[in-house]
Amino acid sequence: MATHAGGLTKDHAPRPVEAETAPEGRDGSRQGLDPGAPAPGVPDAPPAVRAGRLVRRFGDRVVLKEIDLALAAGEFTALLGRSGSGKSTLLRAVAGLDHDVEGSGELLVPERVSLSFQDSRLLPWLRVLDNVTLGLRGPGAHERGLTALAEVGLAGRERSWPHELSGGEQQRAALARALVRDPELLLADEPFGALDALTRIKMHDLLRELYERHRPAVLLVTHDVDEAVELADRVLVLDEGEISVDLAIDLPTPRNRRDPRFQQYRDALLAALGVHSAPPAPEPRPEDHPHAARV
Amino acid sequence: MSDALTDVRTRVPAGVPAPPREPADTKPPAARKPAAATPATAPVSRSGLRRRRRLGPGRSVPLGRLLGPALVVALWWAASAAGYLDPRILSGPGAVVSTAVELIADGRLQGNVLVSLQRAGLGLLLGVASGVLLAVVAGLSRTGEYLVDGPLQIKRAIPSLAMLPLLILWLGIGEQMKITVIALGVAVIVYINTYASLTGIDSRHVELAEVLELGRWQFLRKVVLPGSLPGFFVGLRLGVTSSWLGLIVVEQVNATSGIGYMMFQAQQYAQSDVIIVGLVAYGTFGFASDALVRAVERRALSWRRTLAG
């Protein structure tokens, strides 16, 4: 693993555009604008992922335009973007799943990488425990699987078939399968996208809890701005193949969505995504529309 | 007002306020009284107890499936007892049963059945093994696909029985030829179905295997083989049927033993009872082997039992 990631992006990389609509009075907290900078709270940690001038194209369409990116070890990053912005392409490139995609650039990833998908992707013909320990080598795989299942609250369901689990339970089993490998990097491709709202809230808490305990670097691809601000310590916005925003979220966890600072981050990111949100006021008054005025 | 209350009771579940009723109801209140007393049985009532007309076939009766075969046997019995059937054309059920008992007593039936079972079983085994092997080779590598799939799709268009003359020319008329004919038919059927199921394995499962860094062998064992099992069993069931069919044909070619041989001997002497015993033996083994495969299939695919019922 190279340790000189900081120097990679500073000279020639296009600096990401800062969010124009960032709330006032928080400038001190806006760290991580340079992709090579260490994450808040993880000083001088060697990067877990380093991408240099990463290009991916499908035919004539360039989906990733010379992306420069460094994720620090143990850093929780969310990757936002409209559909078609290239966020899944970036994730699949980091996961090494882009077999037939043309591209160039430099990419360093750790040895142990786990990926969790939007669907739980449990093999229907394997029982839950066998799904979790699938591909696990070495002695103690069975015990590690049991521990991982207990950690996600599925103790006692080891012998169940996947179809006997609810959608949320399936996704938790998938999370256990990702974590049992003790990953240095956890990639998640909209893992909660298919869940209902109540289950999603529980899964957010669980993911954050597991992250605090195991501390892998996390790259969470999502299109849900609230989810990104609630979970991540750093949010990237990908726009037409380029990282347009790199925003550090400096809020204590667990985060309260009604916190005004939460709202400020949220609005800034929404604006960066081209969505101008109305103020969350109980009585919206058109003449007093601070966010709209600022944007 | 009492009209409205009646309707509340019969139409709307508790807790749901009734919509105000139109006063333009022409029926006199007296005519509605009985309906109010027994709302559930009122003929025009739309209460929750009214069932929709059933369009499906309804519930099944235990052993109901045996009714049709039993009726055929009964008709056969009646026709032969009434003297409508010439025993040289078709013996009665009684004669068939006593012939079967005789054949068992002198050991001819068991001996011939055993020889036939051996041929069918060996052919099936070789056919299934080579069919699966070819399907895995063709399904997992492009080279294998290009080399194997084409010839087998062409072979599929030529019935194995059409190759009989050539196989006799090559292998003679012995057991080798008989087993090869059966195995060829089975292999193609098993290959076609297993290969189709194997190439239909969800690419997301393949992607998962890549993410989990499964080795070739683990990928084969945990993803490919279980994933192609449903198609394999379809092929196996058809293959079992095909092995019986092949058996019947090859036992007509200079055989000196087997159920088919026994039947053709009987044809020479116009013993329709022996022929029927042979047919019943074929039918019994065909049915039993299919039931066996289905039982194995249910066990092996128990992970999707709730789906298949």
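**Entry 1. Helix 5 of chain A**

I started with helix 5 of chain A, residues 167-179. It has 13 residues and reaches 19 Å from first C-alpha to last, close to the 18 Å expected at 1.5 Å a residue. I note here that the model is a predicted one.

Next I looked up burial along this helix. Helix 5 of chain A is mostly covered, with 11 of its 13 residues buried. I listed the buried ones: Gly168(A), Gln170(A), Gln171(A), Arg172(A), Ala173(A), Ala174(A), Leu175(A), Ala176(A), Arg177(A), Ala178(A) and Leu179(A).

What do the buried residues of helix 5 of chain A pack against? I found two strands' worth of entries and several helices to write down: strand 5 (113-116), helix 3 (128-132), helix 4 (141-151), strand 6 (185-189) and helix 6 (197-214), each in chain A.

**Entry 2. Helix 5 against helix 6, chain A**

I took the helix 6 partner further. Helix 5 and helix 6 of chain A pack at an angle of about 15°, and their axes are 11 Å apart. That angle makes helix 5 of chain A roughly parallel to helix 6 of chain A, since angles under 35 degrees count as such. The crossing of helix 5 and helix 6 of chain A is right-handed.

I then wrote out the residues of this contact. Helix 5 of chain A brings Gly167(A), Gly168(A), Gln171(A), Arg172(A), Leu175(A) and Leu179(A). Helix 6 of chain A brings Thr199(A), Lys202(A), Met203(A), Leu206(A), Leu210(A) and His214(A). By class, the contact of helix 5 with helix 6 of chain A has 5 nonpolar, 5 polar and 2 charged residues. Gly168(A), Gln171(A), Arg172(A), Leu175(A) and Leu179(A) were on my buried list for helix 5 of chain A.

**Entry 3. Chain A overall**

I stepped back to the whole chain. Chain A has 9 helices and 9 strands. Of its 295 residues, 41% count as buried. I also checked contacts in chain A between residues at least 6 apart in sequence: 73% of them join residues at least 24 apart.

One backbone angle went into the notes. Phi of Glu66(A) is near 50°, a positive value in a residue other than glycine. Most residues other than glycine have a negative phi. Glu66(A) lies in strand 2 (residues 61-72) of chain A. Is Glu66(A) buried or partly exposed? I found it partly exposed, with 17 other C-beta atoms within 10 Å.

**Entry 4. Chain B overall**

I turned to the second chain. Chain B comes to 13 helices and 0 strands. Read along the sequence, its pattern is α at every step. Of the 309 residues of chain B, 28% count as buried. Among contacts in chain B with a separation of 6 or more, residues 24 or more positions apart account for 70%.

Chain B also gave me a positive phi. Leu63(B) has phi near 60°, positive in a residue other than glycine. Where is Leu63(B) found? I placed it in the loop between helix 2 (29-37) and helix 3 (67-81) of chain B. Leu63(B) counts as exposed because it has 8 C-beta neighbours inside 10 Å.

**Entry 5. Helix 8 of chain B and its partners**

I looked up helix 6 (residues 142-157) and helix 8 (residues 175-199) of chain B. They pack at an angle of about 125°, with axes 10 Å apart. Helix 6 and helix 8 of chain B are therefore oblique to each other. Their crossing is left-handed. Leu152(B), Lys155(B) and Arg156(B) in helix 6 of chain B meet Val188(B), Tyr191(B) and Ile192(B) in helix 8 of chain B. I sorted the residues of this contact into 4 nonpolar, no polar and 2 charged.

Helix 7 (residues 164-171) of chain B came next. The axes of helix 7 and helix 8 of chain B come within 9 Å and cross at roughly 145°. Helix 7 passes helix 8 of chain B in a right-handed crossing. From helix 7 of chain B, I noted Leu164(B), Leu167(B), Ile168(B) and Leu171(B) in the contact. From helix 8 of chain B, I noted Gln176(B), Met177(B), Thr180(B) and Val181(B). The classes for helix 7 with helix 8 of chain B are 6 nonpolar, 2 polar and no charged.

**Entry 6. Between the chains**

How many residues of chain A are in contact with chain B? I got 12 residues of chain A, touching 16 residues of chain B. The chain A side divides into 9 nonpolar, 2 polar and 1 charged.

Conventions. Residues numbered from 1 in each chain as written. Chains lettered and ligands numbered in written order. Predicted model: local features only at pLDDT ≥ 70, side-chain atom pairs only at ≥ 80, totals over all residues. Helix = DSSP H or I, 4+ residues; strand = E, 2+ residues; numbered from the N terminus. Buried ≥ 20, exposed ≤ 12 C-beta atoms within 10 Å, placed from the backbone. Contact = placed C-beta atoms within 7 Å. Nonpolar A, V, L, I, M, F, W, Y, C, P; charged D, E, K, R; others polar. Expected span 1.5 Å × (residues − 1). Axes fitted to C-alpha atoms, helices over the stretch in contact; angles between N-to-C directions. Parallel < 35°, antiparallel > 145°, perpendicular 65-115°, else oblique. Left-handed = near helix turned anticlockwise from the far one by under 90°.
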